[in-house]
Amino acid sequence: MRPRLIQASHRAVLVLLAACFAIATARADEVTHVVSGTVEKVDAGAKTVAVKTADGTVETVKFTEKTTVTGLKDGAKGADLVGKEGGHVIVHTAGEGAEKTAHSVEWFGDKTVHTTEGTVEDVGKGTKVVAVKTADGTKEAFEVSGHATVDTGKAVGRFSAIGAKKGEHVTVYYTEEAGKKIAHLFKHL
């Protein structure tokens, strides 16, 4: 009887250790930063992409075989950005400084990614529309893309999980399509 009890407690410890390892591994892959700008240079050998941001700085991030790219062909990876210099992107990264690694890239090509700063006025119930009031009092409505993310300054997550809340001060990164403003990123200020 006693050996069975010991075996059961060993199994429980192993299951607990496996769960802790899985959580630590998942956290290592969490998106922690967002970089928006134009592709300045892609180095396939070094597996890096340099992105020039609106303020003129260039941020270089690594990509791996796990880096996904939406907006190009189905199943695109980081290496598929070679030859795409000048195109607009939003890059979701993990890590810090020189260790920033692209988790995913949203490719917009020659579409310009615009920004608007303001306060969230309304979040549509049951719809994916967010209204933002700018400093000059203008109210702008944005349709939220299926890949939209929210950068709270402490974490980055999908819009569907984090959302936007009335009263939050944000910068909205969006494109214009068929006369509509499509929000891709809400960055808290």
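Reader: What makes S1 and strand S2 (residues 48-52) a pair?

Author: This is a predicted model. In it, 5 bridges join S1 to S2, and the two run antiparallel. Pairing needs at least two bridges. So S1 and S2 count as paired strands. One bridge can be named: Thr-38 has Lys-52 in S2 as its partner.

Reader: How do you know that strand S1 (residues 33-43) pairs with strand S5 (residues 88-94)?

Author: Count the bridges again. S1 and S5 share 6 bridges, in the antiparallel sense. The cut-off is at least two, so this is a pair as well. Here Gly-37 stands opposite Val-89 in S5.

Reader: What lies between S1 and S2 in their hairpin?

Author: There are 4 residues between the strands. Lys-47 sits in that loop. Its phi is near 55°, a positive value in a residue other than glycine.

Reader: Why is Lys-47 called partly exposed?

Author: Its relative accessible area is 36%. Buried means under 20%, and exposed means over 50%. The value 36% lies in between, so Lys-47 is partly exposed.

Reader: Where is Ala-178 found, and is it buried or exposed?

Author: Ala-178 is in the loop between strand S11 (169-177) and S12. Its phi is positive too, about 50°, although Ala-178 is not a glycine. The relative accessible area of Ala-178 is 82%. Exposed means over 50%, so Ala-178 is exposed.

Reader: Why is the pair of Phe-159 and Phe-186 called tilted?

Author: A search of the whole structure finds 2 aromatic pairs. In the pair of Phe-159 and Phe-186, the ring centres are 5.3 Å apart. Rings pair if their centres lie within 6.5 Å, so these two qualify. Next, take the planes, which are at 35°. Under 30 degrees would be stacked, and over 60 would be edge-to-face. The angle of 35° fits neither, so the pair is tilted.

Reader: What makes this a link between distant parts of the chain?

Author: Phe-159 is in helix H2 (residues 159-162), while Phe-186 is in strand S12 (residues 180-188). They are 27 residues apart.

Reader: How do you know whether Phe-159 and Phe-186 are buried or exposed?

Author: Phe-159 has a relative accessible area of 10%. For Phe-186 the value is 1%. Buried means under 20%, so both rings belong to buried residues.

Reader: Which residues have the most contacts inside the largest nonpolar core?

Author: They are Val-49, Leu-81, Val-89, Val-91 and Val-105. The core has 15 residues. S1, S2, S5 and strand S6 (101-109) each give two or more residues to this core. A second, separate core has 14 residues, including Val-132, Ala-148, Ala-164 and Tyr-174.

Reader: Which residues does Val-105 contact, leaving aside its neighbours within four places in sequence?

Author: Val-105 is in contact with Thr-67, Thr-68, Val-69, Thr-70, Leu-81, Val-89, Ile-90 and Val-91.

Reader: How many helices and strands does the chain have?

Author: The chain has 2 helices and 12 strands. Along the sequence, the pattern is α-β-β-β-β-β-β-β-β-β-β-α-β-β.

Reader: What share of the chain is buried?

Author: Of the 189 residues, 36% are buried. The accessible surface comes to about 11,100 Å², and 56% of it belongs to carbon and sulfur atoms.

Terms used
Residues are numbered from 1 along each chain as its sequence is written. This is a predicted model: local features need pLDDT of at least 70, side-chain atom pairs count only at pLDDT 80 or more; totals for chains, interfaces and linings use all residues. Side-chain values use heavy atoms; hydrogens and water are left out. Buried means under 20% relative accessible area, exposed over 50%, partly exposed in between (1.4 Å probe, protein chains only). Accessible areas come from the Shrake-Rupley method with a 1.4 Å probe; for residues, only the protein chains shown count as cover. Rings of Phe, Tyr and Trp (its six-membered ring) pair if their centres lie within 6.5 Å; planes under 30 degrees apart count as stacked, over 60 as edge-to-face and the rest as tilted. A nonpolar core is a set of buried Ala, Val, Leu, Ile, Met, Phe, Trp, Tyr and Cys residues joined through side-chain atoms within 4.5 Å. Contact means heavy atoms within 4.5 Å.
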